[in-house]
Structures are given as C-alpha cells and as structure tokens.
Amino acid sequence: GIQALSASLSLLLETGMDTVEALVLERSDFLRQAIRNQPNLLLLSEAAPRLKSGIVVFKHRQAGNETLYRHLQQHGVVCALRGGGVRFSPHFYNSLDEIGRALAIAADCPPAD
C-alpha cells in the first residue's frame, strides 16, 4: 500500500498540481458538454463556475439509474451510483477519447429496468 501511495504521489508531484487541476477541469468540462449534446443523457450536476470539480453526475432519459450503472459496469466503465444518477469522475490521466467512449456506452444503454 505504501509503495502504491508513493508512486501515486510521485506522479502527481511530477505532473504538478496546477497541471493536474487544469486537466481535471478540462476533462469535466468536456464531459459536461458531451452529455448536453447527447439526446439520451441528462446532465444533473450543473455547477457554477466557482464550484467546478471533476465530479459529473448524469442520468439516462429512458433507462433507470441502476440499469445504466449495471450497463456501464458490464462494459468496464468505472463509475458510481450517486446523487440521483451515475457519477463519472475523470482524472488528469483519462484521455478525451476514453471519456467519449464511456459516454457512448452510456447513451446506448437499453431503456429497460
């Protein structure tokens, strides 16, 4: 555990916390906009600019939250069932392509509960 913590801290310090913060916010902005552009999804975590974070909560317009969560998990997407929907928390090391693929999987969720 200590070695994993040390490696994680080293990566963060090597990257620089200002860079990590900027990349996390860039990815969460990308995610929010992509959800807004996806007709099957509804953004729930519309945050004021001063309250920005890397946490984005959304739901599917036809599928229930449990169904969406299970669908994402079955397709290898790491997420959480929180805040009245499904939470994505992209980090600085997630690529925009990875985020886009995860959203495409979410949008394709079958509308059954």
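These legends go with close-up views of a predicted model.

**View 1. An open sheet of 4 strands.** The strands line up in the order β1-β2-β4-β3, and the pairing is antiparallel. At the edges stand β1 (41-43) and β3 (80-82); each has a single partner strand, so one side of each is left without a neighbour in the sheet. Going from one strand to the next, the twist averages 40 degrees.

**View 2. Where β1 meets β2.** Strand β2 covers residues 56-60 and runs antiparallel to β1, with 3 bridges joining the two. Want a residue to look for here? Start from Leu-42, whose bridge partner in β2 is Lys-59.

**View 3. Helix α3 on the sheet.** Here α3 (residues 65-74) packs on the sheet and touches β2, β3 and β4 (85-88). The direction of the helix makes about 35 degrees with that of β4.

**View 4. Phe-58 and Phe-88, an aromatic pair across two strands.** The model has 2 aromatic pairs by the rule used here, and this view shows one of them, Phe-58 with Phe-88. The two rings meet edge-to-face, at 4.9 Å centre to centre and with 70 degrees between the planes. Phe-58 sits in strand β2 and Phe-88 in strand β4, so the pair ties together parts that are 30 residues apart in sequence. Both rings belong to buried residues: Phe-58 has 0% relative accessibility, and Phe-88 has 5%.

**View 5. Phe-92 and Tyr-93, another edge-to-face pair.** With ring centres 5.4 Å apart and planes at 70 degrees, Phe-92 and Tyr-93 count as edge-to-face, because planes over 60 degrees apart fall in that class. Buried or exposed, where does each partner end up? Phe-92 is buried, at 10% relative accessibility, whereas Tyr-93 is exposed, with a relative accessible area of 56%.

**View 6. Cys-79 and Cys-109, two cysteines without a bond.** Searching the whole structure turns up 0 disulfides, and this view shows why for Cys-79 and Cys-109. For Cys-79, the closest cysteine sulfur is in Cys-109, 10 Å away, which is too far for a bond. The same holds starting from Cys-109, whose closest cysteine sulfur is the one in Cys-79. A disulfide would need the two sulfur atoms within 2.5 Å. Each cysteine is buried, Cys-79 at 11% relative accessibility and Cys-109 at 4%.

Definitions and conventions. Residues numbered from 1 in each chain as written. Predicted model: local features only at pLDDT ≥ 70, side-chain atom pairs only at ≥ 80, totals over all residues. Heavy atoms only, no water. Pairing = 2+ DSSP bridges. Axes fitted to C-alpha atoms, helices over the stretch in contact; angles between N-to-C directions. Contact = heavy atoms within 4.5 Å. Phe/Tyr/Trp six-rings, centres within 6.5 Å; stacked < 30°, edge-to-face > 60°. Buried < 20%, exposed > 50% of the residue type's maximum accessible area, 1.4 Å probe, protein only.
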